[in-house]
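Visitor: I am new to reading protein models, and I would like a close look at a single part of this one. Could you start from one pair of residues and then work outwards, step by step?

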Amino acid sequence: MTFLKVEKSGPITTLTINRADTMNPLGAPGDGDEFRAACDAINRDMDVRCIILTGAGRAFSAGGDIKAMQSKTGTFGGSAPAISDGYRDNIHLILRALYGLRVPVIAAVNGPAIGLGCDVACLADIRIASDKAKFGVTFLKLGIIPGDGGTWILPRVIGQSRASELFYTGDVIGAAKAEEWGLVSRVVEHDSLMEEARALANKVTAMPPHALRHAKMLLRQGQQVSYDSALEMAANTQALMHTTQDHAEGVAALIEKRAPEFKGE
């Protein structure tokens with residue numbers, strides 16, 4: 001059985017990390033390839049407009065497989081160069097695949113998101129959390145560092161000071177603190193998490209698909225480039241959007257005081 005459950009319902013695809021009996025650890029051999037295949041398929045499917053990423057059972061993801069670390073097997077086995085390649089060729093594929101998704105991603109964090117699991121959640125564009133969710137980057141407690149690029153990811157979400165506090169102490173924070181720190185957009189009752197995630201996804205999928213993908217690209221690039229470069233990319237992209245039928249539909253719908261029907265044209 002594959003560990004990543006993929007369910008498409010109209011324009012929404014739900015990705016569920018499906019190792020509920022062990023709190024959804026990540027990093028087993030082949031995990032990166034499975035994530036990459038799923039995300040590549042999503043990027044090619046213009047009918048998909050939003051992703052919901054969640055975990056099966058009581059956890060989002062407890063991070064790397066501690067038992068594999070202890071037994072020095074799988075991705076965590078062999079010499080230092082072999083372990084380094086294991087990160088590049090497997091764990092990094094998970095992160096790169098999620099980072100490379102061209103449609104908005106909502107992380108529905110249903111329980112603990114620890115270590116690699118926290119960094120995976122932080123690659124989503126939007127995070128909403130169950131009131132049972134917990135977040136932590138506990139790498140130093142295991143005598144290791146974030147091998148998944150977490151020192152790049154987390155400061156961009158909650159700022160350098162708070163990211164440093166979590167990394168250097170190994171503290172695990174609850175959902176309320178995560179909301180206060182801006183790690184999640186909001187906290188909802190556990191039993192209504194997926195309903196809330198789907199409602200949010202439905203709002204996202206009502207947007208025109210080409211403009212939606214370009215908006216994500218510009219938001220992403222805006223974190224890396226100068227303001228002048230961001231303005232240039234915006235001007236060029238906006239010019240393309242003005243030539244689409246979806247733009248004409250949006251304008252007509254506003255003038256006619258009705259809901260638009262975007263078709264990706």
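Guide: Let us begin in strand E11, where Val-188 is the bridge partner of Ser-130. Please keep in mind throughout that this is a predicted model. The two strands concerned, E8 and E11, pair in the parallel sense, and three bridges join them. As general background, the strands of a sheet pair through backbone hydrogen bonds, and this pairing is either parallel or antiparallel.

If we now turn to the other neighbour of this pairing, we find that E6 and E8 also pair in the parallel sense, here over four bridges, and that Ala-108 stands opposite Ile-128 in E8. Strand E8 is mostly covered, since four of its five residues are buried.

These strands belong to an open sheet of six strands, whose order is E1-E2-E4-E6-E8-E11 and whose pairing is mixed. At its edges stand strand E1, residues 4-9, and strand E11, residues 186-188, each of which pairs on one side only. Averaged over the sheet and with direction ignored, neighbouring strands are turned by 20 degrees against each other. At the E1 edge the sense of pairing is antiparallel, for E1 and strand E2, residues 12-17, are joined in that way over six bridges, and Thr-14 in E2 is the bridge partner of Glu-7.

From the strands we can move to a helix that lies on them. Helix H8, residues 193-205, lies across E2, strand E4 (50-55), strand E6 (105-109), strand E8 (126-130) and E11, and it runs at about 165 degrees to E4. One residue of helix H8 that deserves a careful look is Thr-205. Its relative accessibility is 9%, and therefore Thr-205 counts as buried, the cut-off for that word being under 20%. When its neighbours within four places in sequence are left aside, Thr-205 is in contact with Pro-11, Ile-12, Arg-49 and Cys-50. The last of these partners shows how the folded chain brings together residues that are separated in sequence, because Thr-205 and Cys-50 are 155 residues apart in sequence and yet 6.2 Å apart in space, taken from C-alpha to C-alpha.

There is also a second sheet to consider, an open one of three strands in the order E7-E9-E10, again with mixed pairing. Strand E7 (112-114) and strand E10 (172-174) stand at its edges with a single partner strand each, so that one side of each has no neighbour in the sheet. From one strand to the next, the twist of this sheet averages 15 degrees. Strand E7 pairs with strand E9, residues 134-136, in the parallel sense over three bridges, and within that pairing Ile-114 stands opposite Gly-136 in E9.

The same Ile-114 leads us to a loop, for it is one of the residues in contact with Thr-138, together with Gly-115, Gly-170 and Val-172, once the neighbours of Thr-138 within four places in sequence are left aside. Thr-138 is found in the loop between E9 and H5, and with a relative accessible area of 16% it is buried.

Beyond that loop comes a pair of helices. Two packed helices are described by the angle between their axes and the distance between the axes. Helix H5, residues 150-158, and helix H6, residues 160-169, pack at an angle of about 130 degrees, with their axes 7 Å apart. This angle makes H5 oblique to H6, and the crossing of the two is right-handed. On the H5 side, Gly-150, Thr-151, Leu-154, Pro-155 and Ile-158 take part, and they meet Gln-160, Arg-162, Ala-163, Leu-166 and Phe-167 in H6. Sorted by class, the residues of this contact are six nonpolar, three polar and one charged.

A further helix pair can be read in the same terms. Helix H1, residues 31-44, and helix H3, residues 80-99, pack at an angle of about 20 degrees, and their axes are 7 Å apart. With that angle, H1 is roughly parallel to H3, while the crossing of H1 and H3 is left-handed. Helix H1 contributes Asp-31, Gly-32, Asp-33, Phe-35, Arg-36 and Cys-39 to the contact, and helix H3 contributes Asn-90, Leu-93, Ile-94, Ala-97 and Leu-98. These residues divide into six nonpolar, two polar and three charged.

Terms used. Residues are numbered from 1 along each chain as its sequence is written. This is a predicted model: local features need pLDDT of at least 70, side-chain atom pairs count only at pLDDT 80 or more; totals for chains, interfaces and linings use all residues. Side-chain values use heavy atoms; hydrogens and water are left out. Two strands pair if DSSP finds at least two bridges between them. Axes are lines fitted to C-alpha atoms, for helices over the stretch in contact, and angles run from 0 to 180 degrees between N-to-C directions. Angles under 35 degrees count as roughly parallel, over 145 as roughly antiparallel, 65 to 115 as roughly perpendicular and the rest as oblique. A crossing is left-handed if the near helix is turned anticlockwise from the far one by less than a right angle, and right-handed if clockwise. Contact means heavy atoms within 4.5 Å. Ala, Val, Leu, Ile, Met, Phe, Trp, Tyr, Cys and Pro count as nonpolar, Asp, Glu, Lys and Arg as charged, and the others, Gly among them, as polar. Buried means under 20% relative accessible area, exposed over 50%, partly exposed in between (1.4 Å probe, protein chains only).
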